[in-house]
Amino acid sequence: MDSPKQVPPPWKAERPVTELSNRKSENIDTATVPEIINILHDCEEEMFIGWQNYQRLHDKDFVKKLSEVSKYAAALIKNSADSAIILSGCGTSGRIAFFIATKMNSLLRERGLPQCFGYIIAGGDRALTHSVEAFEDSPGAGKDELIKVAKGKRKILFIGISCGLSAPFIAGQLHHCMSHLDTFLPVLLGFNTIHMVRDRTIEGWDHTLLTVTKHLMLLESSGQGYILNPIVGPEAITGSSRMKGGGVTKLILETCFLTALSYLSVSSDPKDNDEINADKDAANDSSKQEKLITSLFECYKQVWETSYPTSKEQLSKLIEQAGKSLLDNGHVYYAGWDTWGLLGLVDASECPPTFGSDFDDIRGFLKGGLAPLESFPQTMNAAVGQDPLEDETSLEFFKKSVLPSITAKDTVVFLVPSNDANIYHELNILLKSVMQKTQHIGVISSLLVDETQLDLKSCTVVPLGHLKEEMINKIQDGGLDSELGNVVVKSVSELALKSALNAISTGAHIAKGKVYQNYMVDLKLSNSKLLERGIGIVSRCAECSKEFARDAVMRAIYRTDDIASFRDTPVSSIIQTAGNVERVVPIAIILAIKGCTVREALDHQERAPVIRTSLLNLLQPPSTIS
Ligand code: F1P
């Protein structure tokens with residue numbers, strides 16, 4: 001019997017699953033690279049098999065809810081003149097919202113349907129590539145953005161994504177939707193149970209995340225809202241929801257919208273599109289749609305699973321090269337085409353907030369850059385240039401402005417999605433130029449790629465898995481036409497790519513000593529969730545109380561031993577300062593362990609800049625350090 005087994009209320013806070021340390025990855029910092037890959041695999045597997053007794057992706061109730069949301073999406077797509085589907089999130093969740101909205105709009109365009117997907121990312125479009133985490137704390141900013149994007153629409157499916165069910169930005173938007181139910185169907189997507197949602201006061205607001213979520217839960221009982229929250233277990237790097245949180249968000253949303261499109265039998269003659277009859281299919285065949293959803297989940301699992309054995313050896317080599325680059329103060333560059341290039345950009349942009357790295361340490365470039373991908377031009381700001389040569393996200397910019405400065409210390413990883421003569425031509429030219437600069441070159445390719453067309457000598461080639469014919473047949477029997485089948489083939493390989501990229505950037509930062517046990521010990525404390533996470537990490541590493549850790553963090557932020565005058569400083573102001581100060585968590589850990597002054601902690605940090613080594617030195621006698 002696969003019914004949900006969520007722990008029932010009372011509404012007592014416990015540590016959310018998304019902030020727990022995963023027991024499987026406790027020793028990831030001392031593991032060899034092949035072992036790191038195994039650990040990541042074991043943690044990611046929880047996306048599909050679930051965690052403890054909580055609701056899983058495959059559970060009947062979850063699949064049923066997703067099918068209902070997808071039915072609603074189908075109806076809106078059908079009547080899209082005055083309807084919209086808006087996806088919103090902060091950080092990685094906002095980037096995935098952008099990714100999906102862009103992809104779905106281009107699919108609708110190809111099918112002769114109006115583009116009705118929109119996205120919101122907290123902090124605006126600059127946050128697509130940069131860390132702009134502070135907006136996550138503002139319910140008001142969330143609401144204002146939603147009002148802008150929703151303008152002129154009569155019916156809206158709003159999906160607020162917050163992996164930790166923790167972003168006030170999303171709570172502000174859901175609250176607005178719930179006050180305008182004539183227009184909005186509000187959906188919350190995340191990976192904790194409701195009883196783990198924070199009930200803490202939010203500055204300048206008289207609701208909490210818990211009150212908003214409970215209100216939505218009430219609406220759910222009458223079909224006026226949904227909470228989609230399968231539990232996928234703690235992240236391999238504690239709290240790093242960019243990893244499986246981001247992956248499972250992509251998987252769930254793509255499944256939802258591809259299923260929605262399967263409801264619409266589009267006539268080959270665009271004039272006949274009026275005859276699309278979503279309602280008939282939707283009402284008649286729920287169980288067929290639920291089956292399709294389950295089959296789609298299986299497709300993702302199959303390709304994700306088969307990519308590990310096929311890619312492991314070569315991926316290990318690439319992670320070692322990338323780690324060496326970062327240790328030598330070199331760079332890792334991802335250069336890719338199509339959605340693969342975009343995923344490279346996403347992975348790179350997550351490193352500064354997670355590992356306290358520089359923007360240039362790991363960077364991504366995409367053929368054509370981000371500008372042509374805009375889904376909702378009114379939300380784009382001037383940060384993304386229109387000329388690819390000036391657009392710092394484009395492959396053209398990479399060729400012109402980055403390639404000339406590449407050295408033997410750098411690693412370049414090409415992301416090659418498809419069998420395309422233009423890509424082969426461009427890549428062969430690029431490979432020739434890059435080979436003259438560095439030996440560290442990786443090529444991650446889908447099985448669609450014909451490697452005989454490429455000059456790959458001395459490259460580390462990482463092939464990903466491919467969807468089996470029988471699975472393609474299964475989803476086509478389940479209602480997807482061959483065009484949608486091709487989209488599935490692409491989408492499932494993207495998940496495998498995302499895992500490989502996460503492994504490269506995580507493995508490289510482990511090599512650089514930015515992970516202690518499975519904690520990100522140099523994260524940027526740029527919003528309230530990250531401030532709390534940072535205090536928790538200091539308390540765990542230094543084995544001290546939360547209060548003691550909080551004081552150490554405050555001293556590290558303000559670089560003073562006398563923090564009495566900062567006691568009543570509002571969290572928003574602490575965060576504003578903390579976001580601009582380097583190495584807050586490492587300094588706070590030293591302060592908490594040594595009981596020294598800030599000056600002494602800074603000196604210690606300077607003498608031992610590799611954080612993990614410095615921590616081990618403090619915690620153990622040097623002779624026992626591995
Ligand atoms: C959003 C987010 C993460 C980011 C960092 C800060 O989290 O911006 O994407 O990696 O951890 O929070 P969530 O709202 O999706 O839980």
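In this predicted model, a polar side-chain atom of Ser93 sits 2.6 Å from an oxygen atom of the ligand, a polar contact being a pair of N or O atoms within 3.5 Å. Backbone N or O atoms join in too: one from Cys163 lies 2.8 Å from a ligand oxygen, and one from Gly164 lies 2.8 Å from a ligand oxygen. On its own the ligand exposes 390 Å², and the protein buries 96% of that (Shrake-Rupley areas, 1.4 Å probe).

Residues are numbered from 1 along each chain as its sequence is written. Local features need pLDDT of at least 70, side-chain atom pairs count only at pLDDT 80 or more, totals for chains, interfaces and linings use all residues, and side-chain values use heavy atoms, with hydrogens and water left out.

As for the shell, 16 residues surround the ligand, with Thr92, Ser93, Ser162, Cys163 and Gly164 coming nearest (near means a heavy atom within 4 Å). They split into four nonpolar, eight polar and four charged, with Gly counted as polar. Helices H4 (92-110) and H17 (528-541) are the elements giving two or more residues to this shell (helices are DSSP runs, H or I, of at least four residues). H17 supplies the largest share, three residues. Because domain 1 (60-229) and domain 3 (521-619) both contribute shell residues, the ligand lies between them; the bounds come from an automatic or database domain assignment.

Key
A polar contact is a pair of N or O atoms within 3.5 Å; within protein, one must be able to donate a hydrogen and the other to accept it, and residues adjacent in sequence count only if both atoms are side-chain atoms.
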